Amino acid sequence: MLARKMDASDLTRQEALLAPMYGSRELGEPVPRYELPDGRMPAQVAYQLVHDELNLDGNPALNLASFVTTWMEPEADRLMAESFGRNYIDADEYPQTTEIHNRCVNMLAGLFHAPSGEGAAVGCATVGSSEAIHLAGLAMKWRWRARRAAQGLPTGAPNIVMGANVQVCWEKFARYFDVEARYVPLTGERFVIGVEEAMSMVDENTIGVVGILGSTYTGEYEPVKELNDAIVALNSERGWDVALHVDGASGAFVAPFTAPDLEWDFRLPAVRSINASGHKYGLVYPGVGWVVWRSEDDLPSDLIFHVNYLGGDQPTFNLNFSRGAGQILAQYYNFLRLGRQGYTEVMRTLEQTASHLASAVACIGPFEILSKPRTVPLVCFRLEDAAARPYSVFDISSELRQRGWIVPAYTMAPDAEEVAVLRVVVKENFSRDLADMLASDLARSVEHLEAHGPSRHGTSHAGPGSSHIRAAAPAKAHAANHRRAHGVC
Ligand SMILES: Cc1ncc(COP(=O)(O)O)c(C=O)c1O
């Protein structure tokens, strides 16, 4: 369509002021960055300022670092836009939103084989898996404490056992809620929890053990069934009641569809609670997570608050009070829209794209694929003989960034920090076509680095003596990269 040529008389005064968006007086004057401006500005100008500034961010569609959904169907977008003003906590005013939330919890409890029965599931929506984990951790702590107190035993030193590869939210839980964190160290070959090693750390003060269904680092599923069997045996031998929590932030929305026979959920008796991120493979925009308990017995009643719901009682257990309802409604939309069949198709496609990309990466050159098929659909790989190469995975990540791809490089958790990897999370909007383009750019980056070395400033790619510098640089970068890996979601 051609723009119609207008002269000034066509415009009202207001339009004349607002129409020249760029070069308008408002944009010609400095806008305070850290102070509330004295005056106002036209809506279009404010919009343009914010919009333009966001161009400096990465492109979410090329953000292969994040597990979080960057695309939903237009109908879901519409539902969410219609719900911007709807506060989830106002159960009295929005009873149908509460009903939809309860339906979602029940659908998830069914998916995870909770024995609670239809309509009686115990769980809630959260802002993400982090909040879900804090709630599940609190429930474990409360149960442990009540049991100990009833036996007249000390309750001052609870601990929780987990792999050193846990996401940072577990470290937060332990620190914020005064629980000793016991980390099972990784090794150069084992990047997830070791069952025997974990069991050796469990004692009478252990509130629970964490099994991760889909490690943030590699996507690998931790051996949840083996953890369950060991905990069941230990509990019966010692008369303890150590709980197993499954951190299914990613995998709880993948395994039920791609590995329905894998036993990781409430089919295992020691599993008392499960968290899942609706905004990861639940395929909803950020932020929604879920936590589901096995039964009412696993969620102590004194953690639950009661709000008035249509003159009745609405139990709530959340860290925050107000939150947007849109993500919960969008989760319900996905459940209706996709059903088991749709989720299975989506997850299988993601799996195929991940395996296609993994094969391409393995062909490109000196890479070892660490991610495993039939787990979280991602590709995690490291440089073979990394120490002998004049460039690192961090250099590859920087090269790819020049083309717009956001592919994080990071070192593994303690004690496998010497292993540095790249990770590509495969999401719904990452087509096979894009995977091929990424593979071509990766091949070009490797070729360039092999021929010219890293293009960064400084001496870290220098010749003799550089091993010292190379050793120092990753060590310095490690803390930041370790944090990034932990925080990347
Ligand atoms: C295994 C695991 N647990 C917990 C989290 C935290 O999830 P959220 O971002 O939903 O709070 C993540 C995020 O990546 C994760 O990978």
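User: pLDDT is the predictor's confidence in each residue, on a scale from 0 to 100; what is its mean over the protein chain?

Analyst: The structure is a predicted model, and 87% of the residues in the protein chain reach a pLDDT of 70 or more. Over residues 14–20, however, the pLDDT is below 50, and this stretch has five contacts in the model beyond near neighbours in sequence. Where pLDDT is low, the predicted coordinates should not be read in detail. For the protein chain, the mean pLDDT is 89.

User: How many contacts beyond four places in sequence does the model have for residues 457–489?

Analyst: Residues 457–489 are a stretch over which pLDDT stays under 50. Low pLDDT is a reason not to read predicted coordinates in detail. With that caution, the number of contacts that the model has for residues 457–489, beyond four places in sequence, is 36.

User: Which strands stand at the edges of the open sheet that has the order S10-S11-S13-S12?

Analyst: The four strands of this open sheet pair in the antiparallel sense, and neighbouring strands are turned by 35 degrees against each other on average, direction ignored. An edge strand has a single partner strand, so one of its sides is left without a neighbour in the sheet. This applies to S10 (367–369) and S12 (409–411).

User: Which residue in S11 is the bridge partner of Ile369?

Analyst: S10 and S11, the latter covering residues 378–383, are joined by three bridges in the antiparallel sense. In S11, the residue that forms a bridge with Ile369 is Phe381.

User: At about what angle does helix H12 run to S13?

Analyst: Helix H12 spans residues 393–402 and lies across S11, S12 and S13, the last of these being residues 420–425. Between S12 and S13 there is a loop that holds Asp415, and the peptide bond from Pro414 to Asp415 is cis, with omega near -5 degrees. The angle of H12 to S13 is about 35 degrees.

User: Which helix gives the most residues to the largest nonpolar core?

Analyst: This core has 128 residues, of which Met162, Val209, Val292 and Val421 touch the most other members. Met162, for example, touches Val209 as well as Trp170, Tyr183, Val184, Ile193 and Val210, leaving aside residues up to four places away in sequence. The core draws at least three residues from each of domain 2 (78–334) and domain 3 (346–487). With 13 residues, the helix that gives the most is H11 (326–364).

User: Is Leu283 buried or exposed?

Analyst: Leu283 is found in the loop between S6 and S7, and its phi is near 70 degrees, a positive value in a residue other than glycine. Gly287 also lies in the loop between S6 (271–277) and S7 (289–293), and a cis peptide bond with omega of about 5 degrees joins Pro286 and Gly287. A residue is buried if 20 or more other C-beta atoms lie within 10 Å of its own. Leu283 has 26 C-beta neighbours inside 10 Å, so it counts as buried.

User: How many C-beta neighbours does Arg374 have inside 10 Å?

Analyst: Arg374 has its place in the loop between S10 and S11, with a phi near 60 degrees, which is a positive value in a residue other than glycine. Arg374 counts as partly exposed because its number of C-beta neighbours inside 10 Å is 13.

Technical notes: Residues are numbered from 1 along each chain as its sequence is written. This is a predicted model: local features need pLDDT of at least 70, side-chain atom pairs count only at pLDDT 80 or more; totals for chains, interfaces and linings use all residues. Two residues are in contact if their C-beta atoms, placed from the backbone, lie within 7 Å. Two strands pair if DSSP finds at least two bridges between them. Helices (H or I, at least four residues) and strands (E, at least two) are DSSP runs, numbered from the N terminus. Axes are lines fitted to C-alpha atoms, for helices over the stretch in contact, and angles run from 0 to 180 degrees between N-to-C directions. A nonpolar core is a set of buried Ala, Val, Leu, Ile, Met, Phe, Trp, Tyr and Cys residues joined through C-beta atoms within 7 Å. A residue is buried if 20 or more other C-beta atoms lie within 10 Å of its own, exposed if 12 or fewer, and partly exposed in between; C-beta atoms are placed from the backbone. Domain bounds come from an automatic or database domain assignment.
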